[in-house]
Structure formats: C-alpha cells, structure tokens
Amino acid sequence: MRKFLLKRFLILIPVFFGVTFLVFLLSNLAPGSPVDAMITPDMNEAQIQDLTLRMGLDQPIVVQYAKWLGRMVRGDLGYSYRTKTAVTGVIGERIGPTLVLTGTVLILSIAVGVALGVIAAYKPYTFWDYLASGISFVGSGVPSFFLALVLIYFFSVKLRLLPTGGMYTNAATESLADLARHMVLPVIVLTMSISGGYIRQSRSAMLEVLGEEYVKMARARGIKERVVLLRHALRNAMLPIVTAIAMSIPFLVGGSVITEQVFGWPGMGSLMVISISNRDYPVIMGITVYITIAVLAVNVIVDILYALLDPKIRN
C-alpha cells in the first residue's frame, strides 16, 4: 500500500504544476489586463506604464509564473488587485460557504443517487425504476441555470416560500434555520444535476452484478435478501460507482459557479467570476490552487478506496 500511495503522490506533482501554469497562461493571454481596471481619467501614459512595471506585468509570462510559484511555495499567494487585501483572507471568507453548499450536495447526491440506482436495479420496470430514470433524465438533460430559474419562479416569486438568493436574509437573522431556507433551492439544483449520473451508474453496475453466479449462490443458500444486496452485490458494484463519484467532483466545483451566481451565494464560484471580470490574477491563481489541491486530494482518496475494494489494483 505504501508503494502504491507513493506512486500516486508522485503523479500528482506534475499535474499540479501543469494545471496552475495553464490557468496562469490563459489568464494572461485573455484580452485586457489588471491595469485597465485601475486606470483613472487623470492618469497619463507614463503613469500607466509605471503601474504596469510596478505590478511586473511587463515581464515574460514564464518569469511571472516562476515568481508567483516561488511565493506560493512559501505560502504567500499575494494580494488582490481589486481589494488590496491578502488573497488568503479573500478566499478564506468564501471557502466556508462553498464547502457548506458543495458538501451538503455531495452527501445528498450520493445518498439519493446510489439508493435510487440500487432500488431501480433490484426492481426494474416498476415505479421506483421509472422515478429514478425520470430524476436522472431531468438532472442530466436540463441545464442547472434553467432549473434554478424555474425553481426561483415557482417557490420564490409565485409561492413566496423560499428566498431568491443569498446565504442569510440579513446580518440580524444569521441562524441555522435561516441558512437552511437559503440552501434549499441551490442544493436541489446541484443535487439534481449530480445525482443523475450516480443513478445511472449505480443501476447499471447493480444490474450486472445481480446476474452473477455468486449472487445466485448466495440466494440459494438462503441468505437474507438485504444481506445479498448490500454485502454481495453492492460491495462488488462499488468500483464503477466510486469512479462516477470521483469524476463528478470537478463538475460539482464547476457547476457551483453558475449556481452560486444565480442564487447570489457568497462562495468561491461567485468570487472566481468577479475575479475574472476584474482580471484579478492573484485571486484567480489562489482559487486555482485551492480547487486543484481539493480535486487531487479527492483523487488520492478514491485511489485508496480502489485499493481497499480491489486489492489487485495495489500491484
């Protein structure tokens, strides 16, 4: 196991540098620069040029990336061009709301998706199978922003049951109940989008496993059906399900950007949109570092689960 994990960690190092360099390159190649957002009507060409030199934007991209990388390794992500505050502080204010939203969505998506997929495979062509297929179709086929707007129209505008956006109504009502009310709609949107893939993968994997000889033998031995499903069938169907979950993590992070914008959720997704609009390179790179580390950490956890579920993978 130690050798297996060491190989995985060694692979992650060039992946991390490759992702950060690619984002840095694309950010700098985009039209415009941070200086454009700082220009005032009374500034002349010399002042603009001096500002560009002080920010180091006149240097080659490779040199800029090397300097940023050196500071990042020391734990210094720089200062935001937009707010003039430390990037770690700017991201620190947004990472909590994002973790609350995406963590809740991930747990619900796994619970709903795997449960419905297993039931649909166990009882094909029944109400549960049609329900699972319907949820999977809507979640996978309907764009998240459109589903969000539909839910806002019915539950917020027409029925006035839920707030249209934000994390709290105001500073005076910051309570768990108020947070839960604001989370309902964005959680439903993201859970519908994510769980559809889990349902399809779980149903397909379970249908394949339920037809295996060892499952038939377990039933012939008189083992309880619940034990057959959970211990014999689901356990052996977990590899493709875990793969589907791992592949959805980057989508969940990316999908939350749109959802956070629609619902005004003060998370890292909306911060990324604001930073891109203002060419705030340090914040863009800081968010990239956080997201890349999170995705790579999830991949390591998934690799460990693979090794535990199938010892042959360790070799």
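The paragraphs below go through the nonpolar cores, the salt bridges, a pocket and some loop residues of a predicted model.

The interior is a natural place to begin. In soluble globular proteins, nonpolar side chains tend to be buried together. Here the largest nonpolar core has 28 residues, and those with the most contacts inside it are Leu101, Val105, Met206, Leu210, Leu234 and Trp265. At least two residues each come from α5 (87-122), α8 (176-210), α9 (213-220), α10 (225-236) and α11 (238-263). Helix α8 gives the largest share of this core, 10 residues. Apart from this core there is a second, separate one of 27 residues, which includes Leu12, Trp68, Val90 and Val283.

Leu210, one of the residues with the most contacts inside the largest core, can be followed outward. Once neighbours within four places in sequence are set aside, Leu210 is in contact with Ala121, Tyr122, Val215, Arg219, Leu229 and Ala233. One of these contacts, Arg219, leads to the charged pairs.

Side chains of opposite charge can pair when their charged atoms come close. Three salt bridges are found in a search of the whole structure. In one of them the side chains of Arg219 and Glu225 meet, at 2.7 Å from N to O. Arg219 counts as partly exposed because its relative accessibility is 33%, and Glu225 also counts as partly exposed, at 27%.

Another salt bridge joins the side chains of Asp129 and Arg203, with 2.9 Å from N to O. This pair links distant parts of the chain: Asp129 belongs to helix α6 (residues 127-141) and Arg203 to helix α8, 74 residues apart. Asp129 has a relative accessible area of 2%, so the residue is buried. Arg203, with a relative accessible area of 22%, is partly exposed.

The salt bridge between Lys216 and Glu213 has its closest N and O atoms 4.0 Å apart. Both residues lie in helix α9, three residues apart, which is about one turn of the helix. Lys216 is partly exposed, with a relative accessible area of 44%, while Glu213 is exposed, with 52%.

Next comes the empty space. Rolling a probe the size of a water molecule over the atoms shows where empty space is left. The second largest pocket holds about 370 Å³ of space. Its lining consists of 17 residues, of which Met55, Trp68, Arg71, Tyr81 and Pro282 are the closest to the centre. The elements that give two or more residues to this lining are α4 (61-73) and α13 (281-309), and the largest share, four residues, comes from α4. By class the lining has 10 nonpolar, four polar and three charged residues. Trp68 is thus found in this lining and also in the second core.

Some loop residues remain. Lys84 sits in the loop between α4 and α5, and its phi is near 65°, a positive value in a residue other than glycine. Lys84 is exposed, since its relative accessible area is 55%. Arg279, in the loop between α12 (268-277) and α13, also has a positive phi, near 55°, and is likewise a residue other than glycine. With a relative accessible area of 21%, Arg279 is partly exposed; the upper limit for a buried residue is 20%.

Thr169 lies in the loop between α7 (144-158) and α8. Leaving out residues up to four places away in sequence, Thr169 touches Asp178 and His182. Thr169 and His182 are 13 residues apart in sequence, and their C-alpha atoms are 8.2 Å apart in space.

Methods
Residues are numbered from 1 along each chain as its sequence is written. This is a predicted model: local features need pLDDT of at least 70, side-chain atom pairs count only at pLDDT 80 or more; totals for chains, interfaces and linings use all residues. Side-chain values use heavy atoms; hydrogens and water are left out. On a 1 Å grid over the protein atoms alone, a cavity is a set of points where a 1.4 Å probe fits but cannot get out, and a pocket is an open set with protein on both sides within 12 Å along at least five of seven lines; lining residues have an atom within 4 Å of a point. Grid points are joined across faces, edges and corners, and a volume is the space filled by probe spheres set on the points. Ala, Val, Leu, Ile, Met, Phe, Trp, Tyr, Cys and Pro count as nonpolar, Asp, Glu, Lys and Arg as charged, and the others, Gly among them, as polar. A nonpolar core is a set of buried Ala, Val, Leu, Ile, Met, Phe, Trp, Tyr and Cys residues joined through side-chain atoms within 4.5 Å. Buried means under 20% relative accessible area, exposed over 50%, partly exposed in between (1.4 Å probe, protein chains only). Contact means heavy atoms within 4.5 Å.
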